[in-house]
Amino acid sequence: MPTLFDKLWQSHVVREARGEPTLLYIDLHLIHEVTSPQAFDGLRQGGRKVRRPDLTFGTVDHNVPTTDRSLPIADAIAANQVETLRRNCDEFGVQLYDINSPEQGIVHVIGPELGLTRPGMTIVCGDSHTSTHGAFGALAFGIGTSEVEHVLATQCLPQNKPLTMKVETRGALPEGVTAKDLALGIIGKIGTDGATGCVIEYTGEAVRTLSMEGRMTLCNMSIEAGARAGMIAPDETTFAYLKGRRFSLDEDVDYWKTLQSDTDAIFDRTVEIDASQLEPFVTWGTSPGMVVPVTSYVPDPTDEAAQRALEYMALEPRTNIQEIAIDRAFIGSCTNARIEDLRAAARVVKGYRINSSVSAMVVPGSQAVKRAAEREGLDRIFHEAGFEWREAGCSMCLGMNEDILQPGERCASTSNRNFEGRQGRGGRTHLVSPMMAAAAAIKGHFTDVRQWQFK
Amino acid sequence: MKAFTKHTGLVAPLDRANVDTDQIIPKQFLKRIERTGFGEFLFYDWRSDPTFVLNQPRYKGASVLVAGKNFGCGSSREHAPWALGEFGFRAIVAPSFADIFANNCFKNGMLPITLTTEQVEEIMSRAQQHEGYELTVDLERQTIEDSRGLSILFVVSEFQRYCLLEGLDDIGLTLKHEDLIREYELSHG
């Protein structure tokens, strides 16, 4: 009867009492420079320690520059935030993958990469995209800074049990249609609050055939549908990914195999989606739910929010998506900056030059992804095409560092949010897959990557 | 944590759905390492528009915000309720809230109140029509009332209500169960 979520929840209950939230044990706590300083301050004020420094890992990703790492951080306030994390990790005995560490990277990229993220775990981080780790059959969700302090001090979190939602895919994704398009398709269907209060489990053929990178992309975007978390039951793909990873030597595959929803499990809600009918998607507005297939048109506004979004995006209704010209392309973020994403983009880029009116950058999700890509020669392909090849970090996904759009600039972005000003004040973001962003950078406008002439 | 019992204040109507935390407090202001100093940057980009609701003199000093559905969606940044609180807001009324944002509010003595779309629209239009429109939020009784006959019961979890009324430190509450935490750790290696 129980769902995968029920099993994960039940196995982490420290205390249950009528009328109170359940106290859940947290197996892994990831921290970064932006949402942790006030939490450590709180610990000091309360005279408390980090209960399990051995289950707590930090890195710097949100505001670090993606340019030459041998130089100091030019932004004094950002530098202070990074230095504060350094001091806090030192004082409280927490392992930090610092700016020049070979393990540094976006927190949701390095967790899985190091094998810190494993099936059956509860994982939290002061970042909404923590849902990414659910790809391994873990219960992983974003928390605020007060909750970061709570977990640091107690290794537990009081939580109200969320509802469950099954997203059942039918059919396989067509060639050129990726996990990102599946995520955008689901959000387009259920809305940005379609899964509020729910934990999603993604199932079906299209999910089973995804690589771990693709599953992470899909689970990553769960929060964009309002979900508390997203998850996928672990299988051979998961076990193969984890084999030999640094923190995953103690494999318990027999237990991991039990982490599945029972066949008669009951979900509070079920959504079905025919993956075989999906196309590459492009967002046209200022919310991830404002999305249409690349073969479509900017819609007529149906409400004030859509009208406002069109004005902000400077788009006319009924414009062919493929006639929208871009100024920038960004391939990066915790959604789409893993090795497979860079391979997919490089395959499109190979043998081409980016359009003369476009500036484009690739920001690998981690130093390890960067090294792997360089071993495969992907950096050369991007370089030769005119892309900038950067150091790892969140970069222009949220523009906390110098990597931002200028007012009015239009960007094809592999990130997760197209909110007003997200990538820079006045910037206009269109969310797409890595292949679609690469193709748009070369053409200078959106184009259907399914028609691409690969060289 | 700051307690919340009963509050009466001026209502500001922000008639937009899906207000995300990037709008509430843009990223360039997240580099501070303190919990304070965010209020002046609340809705920074929108406030460059002189007609924006919080720039209108009649809403100066507002402490109750009424907004459209899915308020606080997006990033988990607790800087959003910090900025709202420092600006003067104590309660936010909307048809729905993003989960993490609502959690973050409760941790900061701020009350997110979920009402039906019709109820929110009614409050929104009253706030727009009547200058100086105020609401009284009573957490003890779980009511929201104005002086024009509006009286609505709202729902909030019993535990969150208790914590807010008492202004409890929930880390302290969890640490009371130290024995259970240790027991869990021992039995789970």
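**Entry 1. Terms and model**

I take helices as DSSP runs of H or I with at least four residues and strands as runs of E with at least two, each numbered from the N terminus. I note at the outset that this is a predicted model. I read its scores as ipTM 0.96 and pTM 0.97. For chain B, I find a mean pLDDT of 96, and 100% of the residues of chain B reach 70 or more.

**Entry 2. Asp268(A)**

I looked up where Asp268(A) sits and located it in the loop between helix 10 (253-256) and strand 12 (269-274) of chain A. I then asked whether Asp268(A) is buried, exposed or partly exposed. I find 13 other C-beta atoms within 10 Å of Asp268(A). A residue counts as buried from 20 such atoms and as exposed at 12 or fewer, so Asp268(A) is partly exposed.

Leaving aside residues up to four places away in sequence, I find that Asp268(A) touches Leu163(A), Thr164(A), Met165(A) and Cys198(A). I also checked Glu168(A), which is 100 residues from Asp268(A) along the chain; the C-alpha atoms of the two are separated by 13 Å.

**Entry 3. Chain A as a whole**

I record 15 helices and 19 strands in chain A. I obtain a radius of gyration of 21 Å for chain A, close to the 23 Å that the globule rule gives for 455 residues, so I describe chain A as being as compact as a globular protein of that length. Along the principal axes, I find that the C-alpha atoms of chain A fill a box of roughly 55 × 55 × 45 Å.

I note that buried residues make up 61% of the 455 residues in chain A. Of the contacts in chain A with a separation of 6 or more, I attribute 76% to residues 24 or more positions apart.

**Entry 4. Chain B as a whole**

I record seven helices and seven strands in chain B. Reading from the N terminus, I write the order of its elements as β-α-β-α-β-α-β-α-β-β-β-α-α-α. I obtain a radius of gyration of 18 Å for chain B, close to the 16 Å that the globule rule gives for 189 residues, so chain B is as compact as a globular protein of that length.

I find that the C-alpha trace of chain B spans about 60 × 40 × 25 Å along its principal axes. I count 45% of the 189 residues of chain B as buried. Where contacts in chain B join residues at least 6 apart in sequence, I find that 72% join residues at least 24 apart.

**Entry 5. The sheet of chain B**

I traced an open sheet of seven strands in chain B, with the order 4-3-2-1-5-6-7 and mixed pairing. I asked which strands stand at its edges. I identify strand 4 (111-114) and strand 7 (151-153) of chain B, each with a single partner strand, so one side of each is left without a neighbour in the sheet. I note an average twist of 25° from one strand to the next.

I followed strand 7 of chain B further and found three bridges joining it to strand 6 (residues 143-145) of chain B, the two running antiparallel. In strand 7 of chain B, I find Ser151(B) as the bridge partner of Glu145(B).

I also looked up helix 4 (residues 117-129) of chain B, which lies across strand 1 (6-14), strand 2 (64-67), strand 3 (91-94) and strand 7 of chain B. I read its angle to strand 1 of chain B as about 85°.

**Entry 6. The contact of the two chains**

I asked how many residues each chain gives to the contact. I find 52 residues from chain A and 40 residues from chain B. On the side of chain A that touches chain B, I list these elements of chain A as giving two or more residues: strand 1 (13-15), strand 2 (22-25), helix 2 (37-46), helix 3 (76-92), helix 5 (145-154) and strand 8 (156-159). I note that helix 5 of chain A gives the largest share of that side, seven residues. By class, I record 16 nonpolar, 25 polar and 11 charged residues on the side of chain A that touches chain B.

**Entry 7. Positive phi values**

Most residues other than glycine have a negative phi. I therefore looked up two residues with positive values.

I find phi of Ser395(A) near 50°. I place Ser395(A) in the loop between strand 17 (388-389) and strand 18 (410-413) of chain A. Ser395(A) has 32 other C-beta atoms within 10 Å, and I record it as buried.

I find phi of Phe43(B) near 45°. I place Phe43(B) in the loop between helix 1 (21-24) and strand 2 of chain B. With 21 C-beta neighbours inside 10 Å, Phe43(B) also counts as buried.

Notes
Residues numbered from 1 in each chain as written. Chains lettered and ligands numbered in written order. Predicted model: local features only at pLDDT ≥ 70, side-chain atom pairs only at ≥ 80, totals over all residues. Pairing = 2+ DSSP bridges. Axes fitted to C-alpha atoms, helices over the stretch in contact; angles between N-to-C directions. Contact = placed C-beta atoms within 7 Å. Nonpolar A, V, L, I, M, F, W, Y, C, P; charged D, E, K, R; others polar. pLDDT = per-residue confidence, 0-100. Rg over C-alpha atoms; globule rule 2.2 N^0.38 Å.
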